[in-house]
Amino acid sequence: MKIFYVSSYGKNDDKGIYILKFDETSLQMKRVQQIITKDYPSYMIVNNQVLYIAYKNTESYNAGGGIGSFSIYKDELLLNNNYSSSGRSYTHLCLDDKQRYIFAANYHTGATASYQLENKIITQKICAVRHTGLGPDLLKRQTGPHAHCVGITPDKEFVYSVDLGADKIVMYRYHQGVLMEDKAYTVNIVPGSGPRHMIFSKDGRFAYLVNEIANNIMVFKYTDGHFSMIQAIHCIPRHFKGFSSASAIRLTSSGEHLFVSNRGHDSIAMYRVNKETGKISLLYMVHTGKNPRDFNIIDDKYLIVGCQGSNKLQVLTFDEENEKLLLSDSELEIPAPVCIAFE
């Protein structure tokens with residue numbers, strides 16, 4: 001049995017954090033517990049038996065939002081604390097490797113923030129840096145900066161913040177949690193791309209950036225803090241004429257395959273990774289329920305997909321050696337799932 005966590009944008013008391021069990025033999029998922037949260041839990045990460053959560057403010061005034069910390073004890077989540085941020089809503093989180101600081105992306109204000117951690121408790125806000133810039137998207141997603149993803153580079157030299165609205169990867173030096181942009185390293189992405197999430201190869205030599213608006217993946221070689229693009233490849237078929245927006249991106253632990261979820265085309269796209277060159281090649285796509293906003297990979301054998309528009313989780317089986325990704329019959333109703341996390 002594998003324990004995993006799902007954050008939900010359900011209405012009223014349906015929203016919150018769902019604790020679930022997954023049986024690898026039967027492929028069945030089972031609810032264990034629901035923790036109702038005041039705000040929408042938009043993103044979660046698990047590290048060292050602690051679940052950290054980014055909250056989206058549900059109030060019409062500046063009272064909610066912020067981040068939270070829960071200790072994991074067997075099948076339970078025990079609240080360490082919630083740290084309100086006066087209405088600031090966050091969409092993504094990352095930790096430094098010594099778990100002293102937590103960094104958060106604020107989509108709505110276009111800012112990157114940092115907080116101090118002490119024994120799993122979020123003790124204080126250190127700083128927040130507002131991004132600048134905009135893009136040409138006609139659907140108004142780029143009328144201003146929208147930080148969507150934060151992470152730490154493999155060399156630990158930078159905190160990076162992917163900005164969907166400004167078409168940038170903003171690179172920050174960080175000392176004692178204080179963020180200082182190093183403009184010599186900040187990357188400008190092709191206007192109108194709408195970068196959403198970025199991950200690195202296991203050896204840290206390559207970065208994979210998924211673009212929500214352009215519906216493509218850009219592959220970069222990463223050397224001494226600098227990015228050089230070596231490939232751009234589509235996430236959806238060229239003949240598809242409907243609206244779609246690329247969402248989550250993940251690698252298998254082997255680093256040999258990469259997946260992206262497509263909301264609108266409603267699919268998971270699977271790519272083979274050339275670990276020498278970093279480049280990827282599309283194998284095929286598997287259709288899912290509506291709006292697969294997030295997914296996660298268990299043991300390089302299963303994908304749990306959160307279909308926000310269908311209010312359900314789905315299980316896909318994955319045979320990495322034979323490169324077979326199949327949608328199973330196993331699914332479970334969960335109101336508007338938006339993030340899936342486990343350690």
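**View A. Phe103 has Ser114 as its bridge partner in β10.** This is a predicted model, in which local features need pLDDT of at least 70 and side-chain atom pairs count only at pLDDT 80 or more, while totals for chains, interfaces and linings use all residues. Numbering starts from 1 along each chain as its sequence is written, and side-chain values use heavy atoms, with hydrogens and water left out. Strand β9 (residues 101-106) runs antiparallel to β10, and six bridges join the two. (Strands are DSSP runs of E, at least two residues long, numbered from the N terminus; two of them pair if DSSP finds at least two bridges between them.) Follow the hairpin round and you pass four residues between the strands, where Gly110 takes a positive phi near 65 degrees.

**View B. Strand β10 is largely enclosed by the rest of the structure, because seven of its eight residues (111-118) are buried.** (Buried means under 20% relative accessible area, exposed over 50%, and partly exposed in between, with a 1.4 Å probe and protein chains only.) On from the β9 partnership, β10 also pairs with strand β11 (residues 121-130), in the antiparallel sense and over eight bridges. Ser114 turns up again here, this time with Cys127 as its bridge partner in β11.

**View C. Asn119 sits in the loop between β10 and β11.** This hairpin has two residues between the strands, and Asn119 takes a positive phi near 50 degrees. Is Asn119 buried or exposed? With a relative accessibility of 75%, Asn119 counts as exposed. Look for Arg100 too: Asn119 is 19 residues from Arg100 in sequence, and their C-alpha atoms are 8.5 Å apart in space.

**View D. Five aromatic residues, Tyr160, Phe200, Phe220, Tyr222 and Phe227, are linked by ring pairs into a cluster.** Across the whole structure, the search turns up 12 aromatic pairs. Take Phe220 and Phe227: their ring centres are 5.9 Å apart and their planes stand at 85 degrees, so this pair is edge-to-face. (Rings of Phe, Tyr and Trp, the last by its six-membered ring, pair if their centres lie within 6.5 Å; planes under 30 degrees apart are stacked, over 60 edge-to-face, and the rest tilted.) Both partners are tucked away: Phe220 is buried at 4% relative accessible area, and Phe227 is buried too, at 14%.

**View E. The largest pocket holds about 1300 Å³ of space.** (A pocket is an open set of points on a 1 Å grid over the protein atoms alone, with protein on both sides within 12 Å along at least five of seven lines; a cavity is a set where a 1.4 Å probe fits but cannot get out; lining residues have an atom within 4 Å of a point. Points join across faces, edges and corners, and a volume is the space filled by probe spheres set on them.) Which residues lie nearest the centre of this pocket? Of the 39 that line it, they are Tyr43, Ile45, Ile199, Lys202 and Arg250. Strands supplying at least two lining residues each include β8 (92-95), β12 (147-152) and β21 (245-251), while β4 gives the largest share, five residues. By class, the lining has 22 nonpolar, nine polar and eight charged residues. (Ala, Val, Leu, Ile, Met, Phe, Trp, Tyr, Cys and Pro are nonpolar; Asp, Glu, Lys and Arg are charged; the others, Gly among them, are polar.)

**View F. About 300 Å³ of space lies in the second largest pocket.** This pocket is lined by 15 residues, and closest to its centre are Tyr107, His148, Arg196, Arg263 and Arg293. Three nonpolar, six polar and six charged residues make up the lining.

**View G. The structure has one cavity of 30 Å³ or more.** The largest cavity takes in about 90 Å³ of space. Among the residues lining it are Tyr43, His148, Arg196, Arg293 and Asp294. At least two lining residues come from each of β4 (40-47), β17 (195-200), β25 (292-298) and β29 (337-341). The lining divides into three nonpolar, five polar and three charged residues.

**View H. Four strands make an open, antiparallel sheet in the order β3-β2-β1-β29.** At its edges are β3 (29-35) and β29, each pairing on one side only. Strand β1 (residues 2-8) runs antiparallel to strand β2 (residues 16-22), and seven bridges join them. Find Val6, and you'll see Tyr18 in β2 standing opposite.

Notes: Grid points are joined across faces, edges and corners, and a volume is the space filled by probe spheres set on the points.
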